[in-house]
Amino acid sequence: MSETKSDLLRLLEERGYVHQTTDAAGLDALAARQIVPGYIGFDATAPSLHIGSLVQIMMLRRLQQTGHKPIVVMGGGTTRIGDPTGRDESRKMLTDEAIADNIAGIRTAFDRLLVFGDGPTDAVMVNNHDWLGELGYIELLQEVGTHFTVNRMLTFDSVRLRLDREQPMTFLEFNYMILQGYDFRHLSKEMGVRLQMGGSDQWGNIVNGVELGRRMDGAELFGLTTPLLTTADGGKMGKTAAGAVWLNEEQLPAWDFWQYWRNVDDRDVGRFLRLFTDLPLDEIARLENLQGAEINAAKVVLANEVTALVRGEEAARSAESTASATFAGGAGEDLPTLVLDAGTNWASALTAFGFTASNGEAKRKIAEGAVKIDGEPVTDPAAPARAGRISLGKKKHGVLR
């Protein structure tokens, strides 16, 4: 694409958000001349999103920062079906009450990162069950179904990969892409939405919506996806041996959230600063070029900035203070704590903490001399654990009581 005209495309490209666009020049021209309402959909399968969704939330933040209108679409309707993308099995069905509770929990992360209100560029949250729940089955088949061919639907990765693995795919799940396409068409008609964004795995679903809006209404709609987000070592973003890195405090304490960012691979620091913070690009360039042990200072900045955005300034200050106390040999108030049961041994204590994925791994770490209690090496995995400050290597710390 020639030089960008809009602040939106320039910012997204400079910070590394852009993987594919349906019509980059057309979207750039539109964003240069008017406010563009754009949306991303989030299914409500848990009471919190994890950091695998943070890049999408930050895209909505960038949309608002450049003078456009972010629409958060909660999948109250599509959650009842389940997106088959990247999945080998059907999603567990949730009750209406569980979905409503999950949406309420998820909302808290958006409230920190977006400005909601009634203004032209204020964010809005909507629930796709409000319109999908009103659709009649025959109406859907007649009006929407005729614009989708089974031949093409079978070519999408979400379907093809499941079939290639000979994993069952229900007819319910097969309909997911039709309903997601209909979401875009509905939002275009009712709210003037012109742009849908998402991860690269959503490209096929987004293109479906762009084409459906054109065929049914003659609407000019646009799609944009982010690159597949993996860590430098090839791992999936947001997954650790101890589980998902959740955005909400109720699912993951601020200390553990801060520590995730403090411990990222050196090679990821610059990329993550661009994607997940508002720091100026020249400051990010300085930080990512630090060498040797100095790169740790950049990781602390990353951890502080992301934690402040997602959890608040106080959570970031407290987590950094605890880290300083921990690495200086103090206890640190915010360290995760485990209350020992009578007879708990060292191996099971490490696993209960989430420091290791299994007792077998715990035994190996103890044999390597990587586990310490109050600075002294733990040598016998079967020995009863005692109270004190426990550590695994340089990065995992906790308190046993």
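**Helix packing around helices 13 and 11**

In this predicted model, helix 13 and helix 15 cross in a left-handed manner. Their contact draws on Val269, Phe272, Leu273 and Phe276 from helix 13, met by Ile295, Ala298, Lys299, Leu302, Val306 and Leu309 from helix 15. Sorted by class, this contact holds nine nonpolar residues, one charged residue and no polar ones. Two packed helices can be described by the angle between their axes and the distance between the axes. For helix 13 (residues 269-276) and helix 15 (residues 295-311), the angle is about 20° and the axes lie 10 Å apart. Angles under 35 degrees count as roughly parallel, and helix 13 and helix 15 are therefore roughly parallel to each other.

Helix 13 also meets helix 14 (residues 281-288), with axes that come within 9 Å and cross at roughly 160°. That angle makes helix 13 roughly antiparallel to helix 14, and the crossing of these two helices is right-handed. Here Gly270, Leu273 and Arg274 of helix 13 touch Leu281, Ile284, Leu287 and Glu288 of helix 14. The contact of helix 13 with helix 14 comprises four nonpolar, one polar and two charged residues.

Turning to helix 11 (residues 203-217), its 15 residues should span 21 Å at 1.5 Å a residue, and the end C-alpha atoms are indeed 21 Å apart, which agrees. Buried residues of helix 11 include Ile206, Val207, Val210 and Leu212, along with Asn205, Asn208 and Glu211. The buried residues of this helix pack against helix 7 (150-153), helix 10 (176-191), strand 5 (195-199) and strand 6 (222-226). After helix 11 comes Gly218, which has a positive phi near 70°.

Definitions and conventions: Residues numbered from 1 in each chain as written. Predicted model: local features only at pLDDT ≥ 70, side-chain atom pairs only at ≥ 80, totals over all residues. Heavy atoms only, no water. Axes fitted to C-alpha atoms, helices over the stretch in contact; angles between N-to-C directions. Helix = DSSP H or I, 4+ residues; strand = E, 2+ residues; numbered from the N terminus. Parallel < 35°, antiparallel > 145°, perpendicular 65-115°, else oblique. Left-handed = near helix turned anticlockwise from the far one by under 90°. Contact = heavy atoms within 4.5 Å. Nonpolar A, V, L, I, M, F, W, Y, C, P; charged D, E, K, R; others polar. Expected span 1.5 Å × (residues − 1). Buried < 20%, exposed > 50% of the residue type's maximum accessible area, 1.4 Å probe, protein only.
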